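These are my notebook entries on one structure, written as I looked things up. I begin with the core and work outwards from there.

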Amino acid sequence: AKVGVLISGRGSNMAALLYAARHPSCPYEIVLVAANDPDAAGLTLAAAEGVATFGQNHKGLKRAEFDAIIDAQLRKAGAEYVALAGYMRLLSPEFVSGWEGRMLNIHPSLLPKYKGLDTHQKALDAGDSHAGCSVHIVTAELDDGPVLGQTEVAILPGDTADSLAARILIAEHQLYSRTLADFVTRERQPEWLLNKVRERAL
Ligand code: GRF
């Protein structure tokens, strides 16, 4: 399965997806890494690994216009799926519906808890014993959509938002590649997937 990855910055999740794809039994390959910032560090890494990249600043363009540019790049690269990996832009409804059931995101919380930003601080402030990360199918609502996989990470005494984020990030790297691989394998049965998405039963 051909996957396009969208990033905005460092791209460590993208790198984890890419390295996992090197294993001969991995059912997906990364065909494009695109960013809404031409200076995103992850683009340099992807290019050094021999992956096609595209970077363009979204500033000055309407959301739907910019998303149409990204969409065209993904289609040109032959992407069948999109993996959001630290992509810090809301997506237009047109883009989301164009990739319905074929776009995943990783979020650093145990969804449905703590959508949006500052998830680690929110978990600390709430006094939670565990935080974690989730991979979900992208729908029109931010950090919503059926959850495909989660990993719990313990909150330790003395944790700060930064120390917790660093520990969760390691779990993210494991979870995302595994969940994406499972997803593209199961998705070979389209009726099964579409029914699950409709029922929100994944
Ligand atoms: C990750 O924590 C991801 O869960 C969140 O943004 C961060 C991106 O980090 N959505 P990276 O660019 O993958 O290193």
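**Core.** I looked up the largest nonpolar core of this predicted model, and I noted that it holds 53 residues, of which Val5, Leu17, Ala83, Ala85 and Leu104 touch the most other members. Helix H6 (161-186) gives the most to this core, with six residues. I added a general remark beside this entry: in soluble globular proteins, nonpolar side chains tend to be buried together.

I then followed Ala85 and, leaving aside its neighbours within four places in sequence, found it in contact with Val5, Leu6, Ile7, Gly11, Asn13, Met14, Leu17 and Ile106.

**Strands S1, S2 and S3.** I asked next how many residues of strand S2 (residues 29-35) are buried. Five of the seven are, so S2 is largely enclosed by the rest of the structure. On pairing, I wrote that strand S1 (residues 2-7) and S2 run in the parallel sense over six bridges, and that Val5 of the core list has Val33 as its bridge partner in S2. Between these two strands the chain passes from S1 through helix H1 (residues 12-21) to S2, in a β-α-β crossover that is right-handed.

S2 also pairs in the parallel sense with strand S3 (residues 53-55), here over three bridges, and Val33 stands opposite Thr53 in S3. I recorded a right-handed β-α-β unit here too, made by S2, helix H2 (residues 41-48) and S3.

**Strands S4 and S5.** I turned to strand S4 (81-84) and asked which of its residues are buried on each face. Tyr81 and Ala83 are buried on one side, and Val82 and Leu84 are buried on the other, which leaves both faces of S4 covered. The general background I noted is that in a regular strand the side chains alternate between the two faces of the sheet.

S4 runs parallel to S1, with four bridges joining them, and in S4 the bridge partner of Gly4 is Val82. S4 also runs parallel to strand S5 (103-107), joined by three bridges, and there Ala83 has Leu104 as its bridge partner in S5. Ala83 and Leu104 had both appeared in my core entry. With helix H4 (residues 93-98) between the strand names in my note, S4, H4 and S5 make a right-handed β-α-β unit.

**Helix H1.** I listed the buried residues of H1 as Asn13, Met14, Ala15, Ala16, Leu17 and Leu18. What covers them includes S1, S2, H2, S4, S5 and H6.

**Ligand shell.** Which residues are closest to the ligand? I found 13 residues surrounding it, the closest being Arg10, Ser12, Asn13, Gly86 and Pro108. H1, S5 and H6 each supply at least two residues of this shell. By character, the shell divides into five nonpolar, six polar and two charged residues.

**Two loop residues.** I asked whether Val138, in the loop between strand S6 (130-137) and strand S7 (147-154), is buried or exposed. It counts as buried because it has 24 C-beta neighbours inside 10 Å, where the cut-off is 20 or more. Not counting residues up to four places away in sequence, Val138 touches Leu84, Val96, Met103, Leu104, Asn105 and Gly145. I also noted that Val138 and Arg102 are 36 residues apart in sequence and 8.1 Å apart in space, C-alpha to C-alpha.

Gly50 lies in the loop between H2 and S3, and it is exposed because 7 other C-beta atoms lie within 10 Å. From Gly50 to Ser129 the separation is 79 residues in sequence and 41 Å in space, C-alpha to C-alpha.

**Backbone checks.** Before this last entry I noted that most residues other than glycine have a negative phi, and most peptide bonds are trans. A cis peptide bond joins Leu111 and Pro112, with omega about 15°, and Pro112 has its place in the loop between S5 and helix H5 (119-125).

In the loop between S5 and H5 I also found Asp118, which has a positive phi of about 55° although it is not a glycine. Asp118 counts as partly exposed, with 13 C-beta neighbours inside 10 Å. Asp143, in the loop between S6 and S7, likewise has a positive phi, near 55°, and counts as partly exposed with 18 C-beta neighbours inside 10 Å.

Key: Residues are numbered from 1 along each chain as its sequence is written. This is a predicted model: local features need pLDDT of at least 70, side-chain atom pairs count only at pLDDT 80 or more; totals for chains, interfaces and linings use all residues. A residue is buried if 20 or more other C-beta atoms lie within 10 Å of its own, exposed if 12 or fewer, and partly exposed in between; C-beta atoms are placed from the backbone. Two strands pair if DSSP finds at least two bridges between them. A crossover is right-handed if, with the strands pointing away from the viewer, the path from the first strand over the helix to the second runs clockwise. A residue is near a molecule or strand if its C-beta atom, placed from the backbone, lies within 6 Å of it. Ala, Val, Leu, Ile, Met, Phe, Trp, Tyr, Cys and Pro count as nonpolar, Asp, Glu, Lys and Arg as charged, and the others, Gly among them, as polar. A nonpolar core is a set of buried Ala, Val, Leu, Ile, Met, Phe, Trp, Tyr and Cys residues joined through C-beta atoms within 7 Å. Two residues are in contact if their C-beta atoms, placed from the backbone, lie within 7 Å.
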